[in-house]
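Visitor: Could you walk me through this one and back up every label you use?

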Amino acid sequence: MARQQRNKSREPEQRPSSSGFGLTWIYLLIAGFLIFITFYDNEAPTKDVTYSDLQSYIDSGYVDEIVVITNQNKAEVSLINDSTTIRKVLGEAGVKKYTKKPQLSTQIPSAERLDDYVNQYVKNGGQPIKLSYDEQKDYMGTFLWTFGPIFVFILFWILISRRMSGGGGIFSVGKSKAQVIEKGSNKMRVTFKDVAGLSEAKQEVQEIVEFLKNPNKYTTLGGKIPKGALLVGPPGTGKTLLAKAVAGEANVPFFSLSGSDFVEMFVGVGASRVRDLFRQAKEKSPCIIFIDEIDAVGRARGKNPSFNANDERENTLNQLLTEMDGFGSNSGVIILAATNRADILDKALLRAGRFDRQISVDLPDVHERKEIFEVHLRPIKLAKAVDIDLLAKQTPGFSGADIANVCNEAALIAARRNKKAVDRQDFLDAVDRIIGGLEKKNKITTDEEKRSIAIHEAGHASVSWLLEYANPLVKVTIVPRGKALGAAWYLPEERQLTTTEQMLDEMCSLLGGRAAEQVVLGRVSTGALNDLERATKMAYSMVVYYGMSDKIKNISYFDSTQSDYSFTKPYSEKTAELIDKEIQNIVQGQFDRAVKIITDNYSAHAELANILVEKEVIFADDVEKIFGPRQWKTRMDEITEAKLSKQSSDKDTEENNNE
């Protein structure tokens with residue numbers, strides 16, 4: 001009961017204020033008051049007249065009293081108490097408007113000249129006029145000019161400090177900017193059901209949630225709850241999504257912030273925010289802290305390109321290291337972090353005791369891509385002919401974010417075509433749009449250029465079809481997309497290891513386009529730039545990294561610990577010359593091989609190029625009609641056949657059992 005009463009007493013403090021009467025309204029009221037007192041005039045209204053008019057009124061005997069404001073060269077004039085005179089001077093409208101004295105005001109050349117003129121008028125027999133002198137001081141104007149700049153400076157400083165500290169005032173710059181999701185809150189509704197694929201990573205993260213829900217299950221055997229887990233993987237693979245699922249599943253407070261939230265221009269602010277974050281977390285323990293993009297603050301110390309210029313970031317990292325595993329106790333607080341640049345993180349941050357686990361969140365394989373498609377296709381109206389297995393096979397190397405983009409792009413394409421459901425072609429067009437870029441059918445190309453592009457792309461298709469380890473062809477197009485004038489789409493085999501023969505076949509396939517130009521046209525063009533770049537990099541990796549050349553065997557010059565800003569090579573100049581020769585030999589050998597394949601299949605290649613010029617897009621079925629079926633089965637085909645065979649076997653077994 002005592003705990004419940006304490007919780008109830010805390011509720012009003014956690015509930016946000018709904019009055020909306022903050023400092024902004026106070027600033028507006030102060031500004032309105034200053035404007036009001038500046039422009040408000042509590043004096044009686046007067047009619048402005050010229051000095052010559054005043055002289056004529058004096059000569060006519062209309063003036064009763066004149067008060068000269070000496071410091072402003074101004075005169076305020078009161079007329080005689082005569083209705084006829086007042087009507088002549090002010091008019092009918094002025095009688096109602098200027099009811100109080102003085103009724104007139106005018107600028108005078110000087111007090112002396114006005115005094116001489118009045119005295120001359122009296123000497124000439126005019127009625128006496130009361131003439132007095134006064135000074136008017138603008139106390140409010142003086143006050144504003146004296147203290148106004150100081151008030152403006154203070155107001156500006158408060159606004160800047162509030163902006164820099166997220167609205168907490170100048171004294172809360174060092175406060176943590178973490179978003180807090182309280183226990184039992186419905187603010188985060190993502191659960192593990194929304195995370196498709198990533199079965200191993202999801203299991204690791206689910207276990208952390210179980211630690212918090214039922215710690216006795218693990219501590220009774222002497223084990224300790226892990227202090228931290230680091231999610232590592234390429235962009236778009238679902239690291240932040242996993243953290244959102246943890247926030248939705250764990251029944252504990254959840255602190256979420258980015259690594260850049262610790263970085264500030266003021267010295268010591270980052271370390272102060274780290275201390276404040278862990279202070280709040282310890283008060284609410286058990287809880288979870290999630291730091292997204294931790295590389296913004298966790299970069300290795302002393303290895304940044306600015307040569308130790310950013311000491312503030314290093315101080316923030318030192319404070320983070322101390323809070324995660326320092327002299328003080330930090331029990332009940334689990335740290336989750338995510339990054340796609342784990343190689344640049346400080347080793348002290350990665351050690352056990354701070355991040356006990358590194359959870360790898362890799363790109364999904366074909367089965368995981370199918371699960372991800374099933375999640376993202378739930379809100380989309382699909383046609384019956386859509387095959388999710390085919391979509392998973394058509395998107396190798398796609399991350400979860402890429403797959404979500406494909407589904408959304410397909411829905412947009414179908415809506416643009418006024419369809420009632422999203423069909424297979426819409427998804428294929430969406431994949432082409434994301435991989436190749438925007439289709440440019442109106443791009444100006446001559447007939448000669450179009451035929452040259454067709455010969456080039458047909459060369460890729462022909463060579464890849466006739467090589468054992470080249471990736472299976474899906475389709476070839478000469479419709480420009482993005483910066484490419486044509487493209488050949490393949491279905492790469494998803495393998496963990498690559499042999500020398502496989503790399504050489506892929507390199508030969510890349511050079512098939514230029515080889516076809518050389519054989520058919522007798523000249524080459526600049527269209528093979530991307531092919532040459534990829535082939536050269538592949539040959540370089542074979543020689544320098546994998547030790548796959550004839551003259552430099554079993555030696556790798558790759559150093560995983562080397563900084564990106566190293567200025568030295570790990571081999572001599574003589575070895576560099578040997579590497580250059582080996583790369584040239586490998587690339588030239590595969591180019592000669594591609595030339596021989598095109599020459600031996602000249603007529604089939606020419607037929608394929610003619611069809612490509614006519615249709616602009618051809619598929620694997622068109623290539624099979626010309627070259628015949630491929631002699632080699634891909635691993636995907638073997639998996640599919642094994643799956644179908646197993647299903648048939650299970651069906652036969654079930655029928656026999658029924659009999």
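**Labels and cut-offs**

Visitor: Why does glutamate 616 count as partly exposed?

Guide: Glutamate 616 has a relative accessibility of 29%. Buried means under 20% relative accessible area, exposed over 50%, and partly exposed in between (1.4 Å probe, protein chains only). So 29% puts glutamate 616 in the partly exposed class.

Visitor: What kind of model is this?

Guide: This is a predicted model, where local features need pLDDT of at least 70, side-chain atom pairs count only at pLDDT 80 or more, and totals for chains, interfaces and linings use all residues. Residues are numbered from 1 along each chain as its sequence is written, and side-chain values use heavy atoms, with hydrogens and water left out.

Visitor: What is unusual about phi of glutamate 616, a residue other than glycine?

Guide: Its phi is near 70°, a positive value. Glutamate 616 sits in the loop between α23 (602–615) and β14. Helices (H or I, at least four residues) and strands (E, at least two) are DSSP runs, numbered from the N terminus. Glutamate 293 also has a positive phi, about 50°, without being a glycine. Its loop runs between β9 and α11 (295–298), and at 34% relative accessibility it counts as partly exposed.

Visitor: How many helices and strands does the protein chain have, and what share of its residues is buried?

Guide: There are 25 helices and 14 strands. Of the 659 residues, 39% are buried.

Visitor: Why is leucine 54 called buried?

Guide: Its relative accessible area is 1%, so it falls under the cut-off for buried. Leucine 54 belongs to helix α3 (residues 51–59). Leaving out neighbours within four places in sequence, leucine 54 is in contact (heavy atoms within 4.5 Å) with Val63, Val77, Thr106 and Leu114. Take leucine 114: it is 60 residues away in sequence, with the two C-alpha atoms 9.9 Å apart in space. For the protein chain as a whole, 74% of contacts with a separation of 6 or more join residues 24 or more positions apart.

Visitor: Why do β1 and β5 count as edge strands?

Guide: Look at the order of that open five-stranded sheet: β1-β4-β3-β2-β5, with mixed pairing. β1 (47–48) and β5 (130–134) each have a single partner strand, so each has one side without a neighbour in the sheet.

Visitor: How do you know that β3 and β4 are partners?

Guide: Two strands pair if DSSP finds at least two bridges between them. Here four bridges link β3 (residues 74–79) to β4 (residues 104–107), running antiparallel, and alanine 75 has threonine 106 in β4 as its bridge partner.

Visitor: Where are the edges of the sheet ordered β13-β12-β14?

Guide: That open sheet has antiparallel pairing. Its edges are β13 (487–490) and β14 (617–619): each has a single partner, so one side of each lacks a neighbour in the sheet. Strand β12 (residues 473–477) joins β13 through four bridges, with lysine 475 matched to tryptophan 489.

Visitor: What makes β9 a mostly covered strand?

Guide: Six of the six residues in β9 (residues 287–292) are buried. Both faces are covered, with Cys287, Ile289 and Ile291 on one side and Ile288, Phe290 and Asp292 on the other. β9 pairs in the parallel sense with β8 (residues 254–258) over five bridges and with β10 (residues 333–339) over six. Isoleucine 289 is the bridge partner of phenylalanine 255 and also stands opposite isoleucine 335 in β10.

Visitor: Why are α18 and α19 called roughly antiparallel to each other?

Guide: The axes of α18 (residues 447–466) and α19 (residues 500–510) come within 8 Å and cross at roughly 155°. Axes are lines fitted to C-alpha atoms, for helices over the stretch in contact, and angles run from 0 to 180 degrees between N-to-C directions. Angles under 35 degrees count as roughly parallel, over 145 as roughly antiparallel, 65 to 115 as roughly perpendicular and the rest as oblique. The crossing of roughly 155° is over 145, so the pair is roughly antiparallel.

Visitor: Which residues of α18 and α19 meet?

Guide: His460, Val463 and Ser464 in α18 meet Cys508, Ser509 and Leu510 in α19.
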